[in-house]
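I opened this entry to record what I looked up about helix packing, the ligand surroundings and two backbone details.

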Amino acid sequence: MEKNIAVLAGDGIGPEIVREAVKVMDAVAAKYGHKFNYEHALVGACAIDATGDPYPAETHEVCKNADAVLFGAIGDPKYDNNPAAKVRPEQGLLRMRKSLGLFANIRPLVMFDSLADRSPLKREIVEGADFVCVRELTGGMYFGRPQGRSEDGNTAYDTCVYTSEEVERILHLAFKLAGNRRKKLTVVDKANVIATSRLWRQIAKEIEPQYPDIELEFMFVDNAAMQLIQRPTHFDVLVTENLFGDILTDEASVISGSLGMLPSASVGSEVGLFEPIHGSYPQAAGKNIANPMATILSAAMLLEHLDMHEEGKAVRDAVNEAVKSGIVTEDIATAGSKAYSTTEGGDFVAAQIK
Ligand code: IPM
Ligand code: MG
């Protein structure tokens, strides 16, 4: 197959981790006889520096014309403590999601058995946890209008908006995903208080009969926050609105004990985007110490999304092998054992595939 891949490395460690994922995709191309054409484009703080815009029109064109987008990370400390900054890297990210129609953010929680002892939770609680969070990504309070301040500055407001169409499409996606897994779907909401949550619940009940083999349950978000760490093995697929999903996916990511190992996919109407769930880790930029595995596993999700299932599995197996063999970066290496560099991690995975 020949595929066009937009490569948006972004800020901080972005360029280093994306380079390793591209290396791994090249190994896949060589082994399986594919051709990947990469087109690089700017996003985030580096795009602001170069063009004044965190998501330039040119980058949007590159993404739209690609079969998939491989994304690194965005964010720079010079914006973090500067609420007055007029343009922020995050705005680029939100505009990108909306304009590419990326309405579903999919974050699988994968446990690596050899890393279970690194979880802040006890091994017996996390062992066997295997679930996927589906976060709605282009609605809710992130995009609802009006949003802002009163003239005197003493009142601020955000608006949470969902249309039935937005809720239906994400719920269908989640039901289907559950159908390919252990057939259990948890809709997380706050239907005891919030109107949009009641719409979610109503629609979930309406479409439930179309998926008779799926066991559907509802859980209030506060309870879900607790259940996730108390009994993570309870869950198969969780689906929730944008802001709840933002919070719960960060919470869920610590269960595995290795933020540097977790990939994500954002999909929707057009092209899919694949990125590690961690951020731009500016303190490590340029040091060749960042963990490339989350981005490499995101490339595996990208391959699977383009129907290259065997290829995706080969990448996962190679990453597993790296972890088992102790070819890990300093965030995971145990005291006294060698920490490998970003490039050594990518080299090992690429070599395994070949
Ligand atoms: C995420 C991030 C973003 C979000 C920020 C950077 C705008 O936290 O992808 O989860 O809130 O969606
Ligand atoms: Mg977040």
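I began with helix H1 (residues 14-32) and H12, which in this predicted model pack at an angle of about 130 degrees, with their axes 11 Å apart. Angles over 145 degrees would count as roughly antiparallel and those from 65 to 115 as roughly perpendicular, so I noted H1 and H12 as oblique to each other. I then checked the hand of the crossing and found that H1 passes H12 in a right-handed manner. On the H1 side I listed Val24, Val28 and Tyr32 as making the contact, and on the H12 side Glu310, Glu311, Ala314 and Val315. Sorting the residues of this H1 and H12 contact by class, I wrote down five nonpolar, no polar and two charged.

Next I turned to H1 and H11. I found their axes 8 Å apart and the packing angle about 45 degrees, and I therefore entered H1 and H11 as oblique to each other. The crossing of H1 and H11 is right-handed. From H1 I noted Ile17, Val18, Glu20, Ala21, Val24, Met25 and Val28, which meet Thr295, Ile296, Ala299, Leu302 and Leu303 of H11. By class, I recorded 10 nonpolar residues, one polar and one charged for the contact of H1 with H11. Comparing my lists, I saw that Val24 and Val28 of H1 appear in the contact with H12 and also in the contact with H11.

I then followed H12 to its contact with H13. The axes of helix H12 (residues 309-324) and helix H13 (residues 342-353) come within 9 Å and cross at roughly 125 degrees, which makes H12 oblique to H13. I noted that H12 passes H13 in a right-handed crossing. Here Ala314, Val315, Ala318, Val319, Glu321 and Ala322 of H12 meet Phe348, Val349, Gln352 and Ile353 of H13. I divided the residues of the contact of H12 with H13 into eight nonpolar, one polar and one charged. Ala314 and Val315 of H12, which I had listed as touching H1, are also among the residues that meet H13.

Which residues are around ligand 1? I listed Glu90, Leu93, Arg97, Arg107, Arg135, Tyr142 and Asp246. For three of them I looked up distances from polar side-chain atoms to an oxygen atom of the ligand. For Arg97, a polar side-chain atom lies 2.7 Å from an oxygen atom of ligand 1, and for Arg135 an N or O atom in the side chain is 2.8 Å from a ligand oxygen atom. For Asp246 I entered 3.0 Å between a polar side-chain atom and an oxygen atom of ligand 1.

I closed with the backbone. Which residues does a cis peptide bond join? I found Arg145 and Pro146 joined in this way, with omega about 5 degrees, and I placed Pro146 in the loop between strand E5 (131-136) and strand E6 (148-149). I also marked Tyr281, which has a positive phi of about 40 degrees although it is not a glycine. Tyr281 has its place in the loop between strand E12 (272-276) and helix H11 (293-305), and H11 is the helix that I had entered above as packing with H1.

Notes:
Residues are numbered from 1 along each chain as its sequence is written. Chains are lettered from A and ligands numbered from 1 in the order in which they are written. This is a predicted model: local features need pLDDT of at least 70, side-chain atom pairs count only at pLDDT 80 or more; totals for chains, interfaces and linings use all residues. Side-chain values use heavy atoms; hydrogens and water are left out. Axes are lines fitted to C-alpha atoms, for helices over the stretch in contact, and angles run from 0 to 180 degrees between N-to-C directions. Helices (H or I, at least four residues) and strands (E, at least two) are DSSP runs, numbered from the N terminus. Angles under 35 degrees count as roughly parallel, over 145 as roughly antiparallel, 65 to 115 as roughly perpendicular and the rest as oblique. A crossing is left-handed if the near helix is turned anticlockwise from the far one by less than a right angle, and right-handed if clockwise. Contact means heavy atoms within 4.5 Å. Ala, Val, Leu, Ile, Met, Phe, Trp, Tyr, Cys and Pro count as nonpolar, Asp, Glu, Lys and Arg as charged, and the others, Gly among them, as polar. A residue is near a molecule or strand if one of its heavy atoms lies within 4 Å of it. A polar contact is a pair of N or O atoms within 3.5 Å; within protein, one must be able to donate a hydrogen and the other to accept it, and residues adjacent in sequence count only if both atoms are side-chain atoms.
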